[in-house]
Amino acid sequence: MVASNALAAGWGAVAWFRHEPSIWFWYVLRVAQGIVVVQVALGLFLLIGEGKQAPEGLHVLYGVSPLVVTLFSEGMRVGAAERELEGIDDPDSLPRSEQIALARRVVLREMGIMTIGALLIVTLSLRALSTGL
């Protein structure tokens, strides 16, 4: 989980700083998000199924929080287009070059949001590992 989200965060940060939208970022991010879901489900299954206590109460909190961050980031991403479209009544009436520039701004804003989410997941995952040892 740490490696996949670190890769997504690194890829997203480089693309965002270069102002170059990246299709591959989204594939890497979706794989990382899938790993988060599997990891959290597996952790909860082990915790509930075996009836064992986590090494520390914080371990469970830090272990589940990446899923919460993933969902929260997706929610924020949905609003990215709305923020870019504020003040624009009809995007279709814009010249083609401005439509393309607007689309790039939306994608870059979405990438920025998701990159920050991936960085937060890396941080929380490392903390979960340290509390579980």
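Here are some notes on this predicted model, going from its cavity and cores to a handful of individual residues.

1. **The cavity.** Start with the empty space inside. Rolling a probe the size of a water molecule over the atoms shows where such space is left. Here the search turns up 1 cavity of 30 Å³ or more, and its volume comes to about 40 Å³. Its wall is made by N5, L29, Q33, T70, S73, M114, G117, A118 and I121.

2. **Who builds the wall.** Three helices each put at least two residues into that lining: α2 (23-50), α3 (57-78) and α5 (96-132). The largest share is from α5, with 4 residues. What is the lining like in terms of nonpolar, polar and charged residues? It splits into 4 nonpolar and 5 polar, with no charged residues.

3. **The main nonpolar core.** In soluble globular proteins, nonpolar side chains tend to be buried together. In this model the largest nonpolar core counts 14 residues, and A8, F25, W26, L29, M111 and M114 have the most contacts inside it. Helices α1 (2-18), α2 and α5 each give at least two residues to this core. There is also a second, separate core of 7 residues, with V40, V69, I121 and L124 among them.

4. **Where core and cavity share residues.** L29 is worth a click. It is one of the residues with the most contacts inside the largest core, and it also lines the cavity. Leaving out neighbours within four places in sequence, L29 is in contact with A8 and M114. M114 likewise appears both in the cavity lining and among the core residues with the most contacts. I121 is another cavity-lining residue, but its core is the second one.

5. **E74, a buried acid.** You'll find E74 in helix α3. Is E74 buried or exposed? Its relative accessibility is 18%, so it counts as buried, the cut-off being under 20%. The side chain of E74 makes a polar contact of 3.0 Å with the side chain of R77. Beyond four places in sequence, E74 is in contact with R30, Q33 and M114. Two of these contacts, Q33 and M114, also belong to the cavity lining.

6. **S4 on helix α1.** S4 sits in helix α1 and is buried, because its relative accessible area is 13%. What does the side chain of S4 reach at 3.2 Å? That would be the backbone oxygen of M1. Setting aside residues up to four places away in sequence, S4 is in contact with V28, A32 and I35.

7. **V2, also on helix α1.** V2 is in helix α1 too. At 22% relative accessibility it counts as partly exposed, because buried means under 20%. Which residues does V2 touch, not counting those up to four places away in sequence? They are V122, S125, L126 and L129. V2 and V36 are 34 residues apart along the chain, with 9.1 Å between their C-alpha atoms.

8. **H19 and its backbone.** Have a look at the loop between α1 and α2, where H19 is found. Most residues other than glycine have a negative phi. H19 has a positive phi of about 60°, although it is not a glycine. As for its surroundings, H19 is partly exposed, with a relative accessible area of 48%.

9. **L108, across from that loop.** L108 belongs to helix α5 and is buried, with a relative accessible area of 10%. Although L108 and H19 are 89 residues apart in sequence, their C-alpha atoms are 6.9 Å apart in space. Leaving aside neighbours within four places in sequence, L108 is in contact with A15, W16, H19, E20 and P21. So if you're viewing H19, keep L108 on screen as well: the two are in contact.

10. **L119, further along helix α5.** L119 lies in helix α5, and at 46% relative accessibility it counts as partly exposed. L119 and Q33 are 86 residues apart in sequence, and the distance between them, C-alpha to C-alpha, is 12 Å. Q33 is the cavity-lining residue from point 1 that also contacts E74.

How values were computed. Residues numbered from 1 in each chain as written. Predicted model: local features only at pLDDT ≥ 70, side-chain atom pairs only at ≥ 80, totals over all residues. Heavy atoms only, no water. 1 Å grid on protein atoms, 1.4 Å probe; cavity = no way out; pocket = protein on both sides within 12 Å on 5 of 7 lines; lining within 4 Å. Points joined across faces, edges and corners; volume = space filled by probe spheres on them. Nonpolar A, V, L, I, M, F, W, Y, C, P; charged D, E, K, R; others polar. Core = buried A, V, L, I, M, F, W, Y, C linked by side-chain atoms within 4.5 Å. Buried < 20%, exposed > 50% of the residue type's maximum accessible area, 1.4 Å probe, protein only. Contact = heavy atoms within 4.5 Å. Polar contact = N/O pair within 3.5 Å; in protein donor to acceptor, adjacent residues only side chain to side chain.
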